[in-house]
Amino acid sequence: MPVKRIGISTGGGDCAGLNAVIRAVVLTALNQFQWEVIGIEDGYDGLLNDHCRRLDYKDVRGILSLGGTILGTTNRGNPFRYPTKVNDHVVMVDRSDELIQKIHSLGLDALVVIGGDGSLRIALELIAKGVKLVGVPKTIDNDIEGTDMTFGFDTALSIATDAIDRLHTTAESHHRVMIVEVMGRTAGWIALHAGLAGSAHAILIPEIPFRYEPICDMILARTKYGRRFSIIVVAEGAMPLGGEAVYRDKIANRLGGIGQVVADEIANRTGKETRVTVLGHIQRGGSPTAFDRLLATRFGAAAVHLIAREQFGQMVALQGSRLTHLPIAKAVERLKLVPVDGELAQTARDTGVVFGDEAVFDETMLDATSQARRAHDLRDSGAFDTNRQNP
Ligand code: F6P
């Protein structure tokens with residue numbers, strides 16, 4: 001049966017670029033295939049609550065650069081385990097049949113599901129029940145397998161990098177240790193990329209449990225050679241070796257607070273003044289970067305073409321610079337974490353970044369300015385005196 005009408009939803013945590021995908025889906029569907037597009041509000045909830053509306057040219061005009069999502073979203077709307085109040089108790093009810101019924105009654109021939117791994121997992125369960133859909137991966141965390149990048153990540157990264165740049169100047173003025181806590185759940189992509197781009201001195205990520213000794217040694221060595229400030233980027237899911245991740249709300253699975261824990265411990269151990277900045281949802285808001293606008297637009301158009309070719313159950317993806325697709329089932333098999341022996345982690349180590357897993361902190365790895373000071377001090381101490389007789 002030829003496709004005539006498609007639905008589109010945005011689920012899970014929002015990120016910059018969602019509107020760019022919606023726009024690209026609507027424009028491609030209208031321009032290339034003359035399909036009708038129905039926007040489903042608040043993830044899958046719109047289908048259960050009858051909050052769906054037709055999207056036309058006028059609805060997507062001017063939204064390419066707009067943050068958030070014009071459709072709304074939620075990260076609590078799983079139709080298979082829908083929280084429902086029964087006799088003053090909240091119980092999980094399977095409302096998936098109701099949802100599928102709604103898809104049929106709206107005459108939706110296929111869905112474009114824009115979501116992170118949670119929404120894509122739900123999509124997989126819907127596919128098993130016969131729903132025709134394609135996936136578009138989104139998340140600032142960049143932790144979806146099968147795609148090198150998710151849109152939203154580049155924007156979050158540039159926000160985090162800008163914050164680190166700003167913290168550098170105030171850290172240096174006050175001779176403080178500045179700790180920046182960034183998002184990313186169990187993946188350290190934002191922390192690693194922003195830490196490198198912002199020239200942080202230590203980067204703590206969930207994939208590499210850390211110890212305080214090498215971090216404090218680095219801070220003290222920098223102080224000794226005249227660099228009296230240090231910048232530490234901490235991913236919200238980072239944890240000390242043998243310790244646990246810090247949650248703001250464990251039941252709701254909300255990470256947060258490790259920055260303060262690290263700051264307190266460093267202050268205790270080094271006597272240095274520390275300050276914490278938690279970037280939080282600032283990383284998800286605002287206008288997408290040019291990269292994210294482009295990626296989101298390419299993803300949106302490609303998703304419509306997948307439907308046209310009846311390649312249901314697939315997710316669009318970026319591999320290298322090539323736009324491609326893979327089964328959603330493959331993409332959600334596991335999360336894409338930072339390879340601890342990968343090129344990026346190695347580059348960080350090569351340029352003197354401390355991860356906290358070093359056996360000892362090696363002073364020769366100090367940054368260029370500190371190294372110059374160190375060389376100067378060694379010269380002053382006579383260590384480089386060629387006339388000096390070795391004992
Ligand atoms: O998955 C995206 C993300 O921003 C994570 O980095 C973060 O842990 C989480 O969502 C925060 O979720 P919420 O918006 O529910 O606080």
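## Ground rules

Ala, Val, Leu, Ile, Met, Phe, Trp, Tyr, Cys and Pro count here as nonpolar, Asp, Glu, Lys and Arg as charged, and the others, Gly among them, as polar. This is a predicted model, where local features need pLDDT of at least 70, side-chain atom pairs count only at pLDDT 80 or more, and totals for chains, interfaces and linings use all residues. Residues are numbered from 1 along each chain as its sequence is written, and side-chain values use heavy atoms, with hydrogens and water left out.

## The largest pocket

The largest pocket (an open set of points on a 1 Å grid over the protein atoms alone, where a 1.4 Å probe fits, with protein on both sides within 12 Å along at least five of seven lines) has a volume (the space filled by probe spheres set on the points, which are joined across faces, edges and corners) of about 1,400 Å³. It has 46 lining residues, meaning those with an atom within 4 Å of a point; Gly-13, Asn-75, Arg-185, Ala-252 and Asn-253 are the closest to its centre.

Domain 1 (5-151 + 288-331) and domain 2 (156-284 + 354-378) both chip in lining residues, so this pocket lies between them; the domain bounds come from an automatic or database domain assignment. By class, its lining splits into 13 nonpolar, 18 polar and 15 charged residues.

## The second largest pocket

Next up is a pocket of about 240 Å³. Of its 16 lining residues, His-104, Leu-108, Asp-109, Ala-110 and Lys-132 sit closest to the centre. Sorted by class, that lining has nine nonpolar, three polar and four charged residues.
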